[in-house]
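Let's take a look at how charged side chains pair up here. Have the sequence and the model at hand as you read.

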Amino acid sequence: MEAEHEADLIRQAQRGSVSAFNELVLRYEALLFNVALRILGDTAAAAEAAQEAFLSAFTHIKDFHGGSFKHWLLRIVTNACYNALRYAQRRPALSLDQPLGEASAETLGDVTPAPGETPEEVALRRDLGRLIAQAVLALPVEQRVVLVLCDVHGFSYEDVAEITRTALGTVKSRLSRARAKLRDKLLAEAELLESGMRLEHERGDANSV
Amino acid sequence: MSEETPTVFDADDALISAWVDGRLSEAERAGFEARLSREPELRRRALATRVVVQQARRLPQVAPPRHFFIQPTTAAQPKPDAPTPRRSAQRFMRWAAALMAAAFVSLLMVDALRPSETLPLAQPAMLVQPMATPPEASLPDALGRGGAAEPSMQALAAPKEAQTAPTMPPPAAPAPLHPLRVGAGLALALALVLTLLAWRR
């Protein structure tokens, strides 16, 4: 039913109906914005990429010949993100793999407590979330795109292969490498944290002696 | 790209990733979990990867700062890659200027290669000049026979001016321009004008 309604909206948009297309925008804008935000790391740049993606989708909607509309939109927004990063790369201080911003409270959003979660657990989850969001932004852009789609947004390997138009093996390889980098970063941070805490503990002991 | 070339380390990471996603076959999973119980370092990495994936999936969604609706006025605008009249005119000017420049060069080459003509019209007039003193008239002087008293018949027949006037040739008539050169000049002028117009637009 829902799929039929969407197909109907797409047909209307292909005939030039802006209001039908805007219904589709309403349906997918949060997803496109969040994907762009995790790839670019900057709210304004992500909003711009999402806007550009929707405009491009409307302009080229006659080229959509079936399949998943969501995947088609995601392909457009990831391309818009690549364009934004390439544009930023022209500035001498930035490379293509560098995000446009960093994981701030604004880009992390609100960490609402889950039912039964203690304040300490919420704080730990927020800190871990910030650490992971920062580590995601430090990944090479191709690995970042795959990890954002697979792990942050839960798309399957096959979906990501379709969205990014890459081979399934490439998606798996990029994902495992991205996860390994994130894990190593987290382990290093945890070690750092543990060492720091141990040091503080030892200092406390020495002062008390 | 080196990314697609797995190393031994990558092979374990690929296994960990597939294990986290439940993408291993029964036999693969059993073999991998047996390794996990034997290899503490592999176990540590696998469990840490699982935590990373779980935490990444729990990253909160951020509300978009605004809606991204398409405005009817925006939709009515031409595509960014569509040729506008101005862009079309510019493209035309550039092509026309290039064509004219090519025509100029071609005409110059044809002009340079065409067989050279016989003597131009102006030169004979310069070569055949009236002589100031005919040889017959000067011979008696050379022999010291008082030739000044009896000028020869040719000397008498020669015009008065020729005997006394300096030997400056008459002004040469301007050579007529060859049509090829005219064409080349026009092509060059047009190419310059079109380039200027394309640049100014």
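## A bridge between helices of two chains

In this predicted model, B:Arg57 and A:Asp151 come together through their side chains in a salt bridge, with 3.7 Å from N to O. B:Arg57 belongs to helix H3 (residues 40–57) of chain B and A:Asp151 to helix H7 (residues 141–152) of chain A, so this pair joins two chains.

Are these partners buried or exposed? B:Arg57 is partly exposed, at 44% relative accessibility. A:Asp151, on the other hand, is buried, with a relative accessible area of 1%.

## Another pair across the chains

A:Arg183 and B:Asp13 also form a salt bridge, at 3.0 Å from N to O. This pair crosses between chains too, running from helix H9 (residues 168–208) of chain A, where A:Arg183 sits, to helix H1 (residues 8–20) of chain B, home of B:Asp13.

Here A:Arg183 is buried, with a relative accessible area of 1%. B:Asp13 is buried as well, with a value of 4%.

## A link within chain B

Now for a pair inside one chain: B:Arg35 and B:Asp12 meet in a salt bridge of 3.0 Å, N to O. They tie together distant parts of the chain, with B:Arg35 in helix H2 (residues 26–38) and B:Asp12 in helix H1, 23 residues apart. B:Asp12 has a relative accessible area of 16%, so it counts as buried, the cut-off being under 20%.

## The wider picture

Some salt bridges share partners, and in this way A:Asp151, A:Arg179, B:Asp21 and B:Arg57 are joined into one network. Over all chains, the structure holds 18 salt bridges.

Conventions: Residues are numbered from 1 along each chain as its sequence is written. Chains are lettered from A and ligands numbered from 1 in the order in which they are written. This is a predicted model: local features need pLDDT of at least 70, side-chain atom pairs count only at pLDDT 80 or more; totals for chains, interfaces and linings use all residues. Side-chain values use heavy atoms; hydrogens and water are left out. A salt bridge is a side-chain nitrogen of Lys or Arg within 4 Å of a carboxyl oxygen of Asp or Glu. Helices (H or I, at least four residues) and strands (E, at least two) are DSSP runs, numbered from the N terminus. Buried means under 20% relative accessible area, exposed over 50%, partly exposed in between (1.4 Å probe, protein chains only).
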